[in-house]
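Welcome! Please take a moment with the sequence and the 3D view before reading on.

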Amino acid sequence: MSASTPLQALAQRSAVSVRVRPRTLQRVCRVSYSSIITTSRSRCSAARITSTARPAFRAFSTTPLRRLASAGDSFDPATIERESDEVDVCIVGGGPAGLSAAIRLKQLATQNGNEDFRVLLLEKAGEIGAHILSGAVINPVAVKELFPDWLDEMNENRFEHATPAVGDSMRFLTKTRAVPLPAPPQMHNRGNYIVSLNQFTKWLGERAEELGVEVYPGFAASEVLYKPDGSVRGVATNDLGIGRDGKPKDNFERGMEFHARVTFFAEGCHGSLTKQVIKKFDLRRDCQHQTYGLGIKEVWEIQPEKFRKGEIIHSMGYPLPINTYGGGWLYHFGDNLVSIGHVVALDYQNPWLSPYGEFQKMKQHPLYRSLLEGGKCISYGARALSEGGFQSIPKVVVPGGAIIGDSAGFVNVPQVKGTHNAMKTGMLAAEAAWEALSEGSEESIFLYNYEDSLRKSVVWKELKEVRNMRPSFQTPLGSLGGVLYSGLEAFVLKGRVPWTLKHRHTDYGATKSADSYPKIEYPKPDGKITFDILTSVSRTGTNHEEDEPVHLQVKDWDAHTQETWPKYQGIENRFCPAGVYEYVEDDSKPLGVRFQINAQNCIHCKTCDIKAPNQDINWAVPQGGEGPKYYMT
């Protein structure tokens, strides 16, 4: 598909040379505007593309320069038209789902001799994989479908960092003991692989580029664009160079629009644009609300004599109270590395509970401490994950677009896996999009076949079979009742029952007042096994410009304090695993405290958007390229 006006004219006007080279950075020039001067200057932003049989210059449309604001003007950035690009398929999100969709589309285009078929992928992280975090033990079924030789030593582009799972065990923890439990069939991992999903995603990105996918890291899609008929037209990236006061700075740069016949939303759990699309098209009208967990993870290098390559340990029980769902993991992978983490379901009731504090307590249990002692923590991160399962899958198709991967919520909670389902749904959507676009209609595309093929797929069957396990933990019997019922489902019933249990409450709605519970005092970190939260955040590599709008949007900070502090006593400070929120003593305020957001610390976990009791925190994308830069996660 060709775009409207070539970028060459803009590049020549800016005296910038543009060349295309295989797997290198092409300089895509955009025009910057100053709010205080009346001349324009050009600025080049790096965007990664691949070399194919295309014109020597990328094709972008350009628009005439508008009158620029003088120092006395009230300058509205929206008065400047955004540049635009026209592609066949635009994918928002460079995780396993988005990359799998992109790869499958280019495979189909190559098989059918359509080298000009354009697939463009936008990723808010500065590089592919930098925002990706998971356990992770992956079922290889989906990656084998994309690349049958993904581990073949004869393949020079094979993935080189997969550790075969060789044994797994389940433990129920008391404060000092680890009681063996029979692992349900869903948690058996023979044939699976322990990986750093961060590394795996980076590898997928390289494979996508080789196939001709135009991969743009550092581009944060912040707005869904619609056609006059209401169908999705594409997305726009956010403006750059906006100050914390909301006014354009000297380096202001308007965002770009990416128009597509089909747009895939692959942002991962609780994506900011996906959230808007689900609401606009009422995609949850036939399903339940989504429920979530918060996963917190560290990567350690341990002593060689303690390393057991490929061993998998899962635990439940301590330190969580009986009415709180969650558990821990420890995976031996790579060379003397372990992935250790803890998931806490976000429907916990006690506002004094801190998922970060619970994780630090778990590491002090003899089961885990004995392995970590003498080792070194080299990485940290956290991310919300979808736990709603089968009951919470929304409609996944809208006019002109589709939702794929964990944006829709395809995590198999009993299996503790979701990457294979995310990848498979991306591939199903890609196949449906290729078929629909091949018909050549100029009308808005609706991917009926994606919705149909999803319901006939192994993903649907897999999630339906385990649909009652997670909600069984929401009974008055808590974890004990959930364990007993889930064991019955896992070993005997296997989903073959006429009933479907419901999620009883939203995560934020489950939160009770602080005076309902005694305050939890967490042990002081020892600096060896347990760490203070800012030390952990320093291991994420996160970074945000200070002088930009706060992307954690609270309309009125004082009103938020009045509504939240008296009842919950600073819950935001405890549910956030990065020290973003705090209440500072301030005698000038009516309640004696001032709500503060340290947005620079944010690691993009999305917990605040999910757990805030009054749902008055909206997580929006910051400038492209910002946020964590995860390593080995």
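The notes below look at some strand pairings and at one surface patch.

## Strand 7 and its partners

Keep in mind that this is a predicted model. A good place to begin is strand 7, which covers residues 167-173. Strand 17 (residues 311-317) runs parallel to strand 7, and seven bridges link the two. If you would like a contact to find on screen, look at S169, whose bridge partner in strand 17 is I313.

Strand 7 also pairs with strand 8 (residues 178-181), this time in the antiparallel sense and over four bridges. Here R171 has P180 of strand 8 as its bridge partner. Four residues lie between strand 7 and strand 8, and the two strands form a hairpin.

## A three-stranded open sheet

Next comes an open sheet of three strands, arranged in the order 5-9-6 with antiparallel pairing. Its edge strands are strand 5 (137-138) and strand 6 (163-164), each of which pairs on one side only.

Strand 6 meets strand 9 (residues 193-194) through two bridges in the antiparallel sense. Within strand 9, Y193 is the residue opposite P164.

## A nonpolar patch on the surface

Which residues make the nonpolar surface patch of about 330 Å²? They are I322, L480 and L484.

You can locate I322 in the loop that connects strand 17 with strand 18 (326-333). Is I322 buried or exposed? I322 counts as exposed because its relative accessibility is 56%, and the cut-off for exposed is over 50%.

Terms used: Residues are numbered from 1 along each chain as its sequence is written. This is a predicted model: local features need pLDDT of at least 70, side-chain atom pairs count only at pLDDT 80 or more; totals for chains, interfaces and linings use all residues. Side-chain values use heavy atoms; hydrogens and water are left out. Two strands pair if DSSP finds at least two bridges between them. Patches are made of residues with over 30% relative accessible area and no salt bridge: like charges are joined within 9 Å, nonpolar side chains (Val, Leu, Ile, Met, Phe, Trp, Tyr) within 5 Å. Accessible areas come from the Shrake-Rupley method with a 1.4 Å probe; for residues, only the protein chains shown count as cover. A salt bridge is a side-chain nitrogen of Lys or Arg within 4 Å of a carboxyl oxygen of Asp or Glu. Buried means under 20% relative accessible area, exposed over 50%, partly exposed in between (1.4 Å probe, protein chains only).
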